[in-house]
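Colleague: I'm new to this one and want to learn how to read what surrounds a ligand. Could you walk me through it?

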Amino acid sequence: MHKTSETFFPFRYCYERNLAVNPQGGNTGLVGGSVPVFDEIILSTVLMNRIISFDKVSGILVCQAGCVLEKLNEYLEEQGFIMPLDLGAKGSCHIGGNVATNAGGLRLLRYGSLRGTVLGLEVVLGDGSALDCLASLRKDNTGYDLKQLFIGSEGTLGVVTAVSILCPQKPKAVNLAFLGCQSFAKVLETFTTCRAMLGEILSAYEFMDEKCMELVERHLKLSSPVTGSPFYVLIETSGSNSTHDEEKLNNFLERAMTSGLVTDGTVATDDKKIKALWSLRERITEALTHDGCVYKYDISLPVGKLYDLVTDTRARLGRSAKNVVGYGHLGDGNLHLNITAESYSHSLLDAIEPFVYEWTARYNGSISAEHGLGFKKKQFIQYSKASEAVFLMQRFKAMLDPKGILNPYKTLPSGS
Ligand code: FAD
Ligand code: MLT
Ligand code: ZN
């Protein structure tokens, strides 16, 4: 078997000299996990960008951790497959970083989480030893599933050096509908209707509010063919028969329009229009950075409560915030609440936190749905995890990284 970790000397060098390291992939993380806090050495996987194998029968890809997500997808598309995850940062993020953050993204609704699609990992542990769990098997119930410990551990338990991942067939027919809704209640009802009517071909259900659209138009000069609604949804279908899929989508659209769930909309089947419509959603993050200082929150909630947090935050902050916006992966119950201001203000931060975390905990939500805790959110873990669970996490950390040199100051709260 190929052993990437045997060539991973830099880490061993650091381990032997008690030097703290900060694993870094594409550096697109949103919670400060990939940047050193003090004098940690950045351990970049950028040169570990080799595809090791791809099996066309099983759809299993094995590659080094530094492969860029978009490059992997392009490679797979040539063979009639795709990566099971997709995100706005695909042009820069690495598969190792995706695994380390357990990235969710735009296709989770259809293909599930990396906890299901990652079949094996090769990891260098905090004590300098290499762990070979690079299996390429769909089923393997021999003992504990150790790879799960490293998925989402944000580089605090080990450095992922190679990944084995199950990839779906490239869909033969993709359709996109971009629709306007008059209320969040209608966004929800549209979701239940499209789930019932589109069934197995539904591959994404994303939403954004009108403020997001304003920012994308103002700062990025993108123009939307659908305007004048307080909410927008993006529905993607992926299937194997365009006639069948289009018929299903048209039936759903007719129902949604006649019953007043949706007031305006457009449909795309060709690549160029599909990409342009996806940009309106994928580039919200970028548009926000042009709006000023951004306070970012990535929250899981029962889907019915999702937008109440935006409304309540907006009411609470009033004119002290420039914009309070909500968008995200509605189909996964994942809200991205973002607040912008002209510049950083401690008093604004005090008005947002812990309000947002307390609100989330009240509804049994998660204060980090998909971005992780990194440096920015680690002190708030207790809003989503019991103290016994945090204690057990600390014991795992001590066992796997006895010198505490692996991404210190990240994920777990300090001083406990
Ligand atoms: P980095 O940012 O380099 O690192 C992230 C964390 O992983 C750090 O803690 C780092 O130490 C650790 N790490 C990196 N590589 C390794 C490794 N090989 N071994 C061990 N630890 C490692 N996230 C989502 O979940 N869903 C989205 O839809 C999404 N969309 C985004 C859109 C934009 C425009 C941007 C800028 C970000 C988005 N993100 C999203 C966040 C980010 O892209 C993901 O968290 C991504 O998985 C990070 O990958 P990376 O290679 O850039 O990792
Ligand atoms: C997204 O879904 O666009 C990303 O998670 C990035 C963000 O939250 O800004
Ligand atoms: Zn997201």
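Modeller: Sure, polar contacts to begin with: a polar contact is a pair of N or O atoms within 3.5 Å; within protein, one must be able to donate a hydrogen and the other to accept it, and residues adjacent in sequence count only if both atoms are side-chain atoms. Here, a backbone N or O atom of valine 160 sits 2.8 Å from a nitrogen atom of ligand 1. This is a predicted model, where local features need pLDDT of at least 70, side-chain atom pairs count only at pLDDT 80 or more, and totals for chains, interfaces and linings use all residues. Residues are numbered from 1 along each chain as written, chains are lettered from A and ligands numbered from 1 in written order, and side-chain values use heavy atoms, leaving out hydrogens and water.

Colleague: Which side chain has an N or O atom 3.1 Å from a nitrogen atom of ligand 1?

Modeller: That's glutamate 370. As for cover, the protein hides 93% of the 990 Å² of accessible area that ligand 1 has on its own (Shrake-Rupley method, 1.4 Å probe; for residues, only the protein chains shown count as cover).

Colleague: And which residues are around ligand 2?

Modeller: A residue is near a molecule if one of its heavy atoms lies within 4 Å of it. Around ligand 2, these include Leu30, Arg281, Tyr327 and Glu370. Polar side-chain atoms lie 2.9 Å from a ligand 2 oxygen atom in threonine 285 and 2.7 Å from one in histidine 371. Taken alone, ligand 2 exposes 270 Å², and the protein buries 86% of that.
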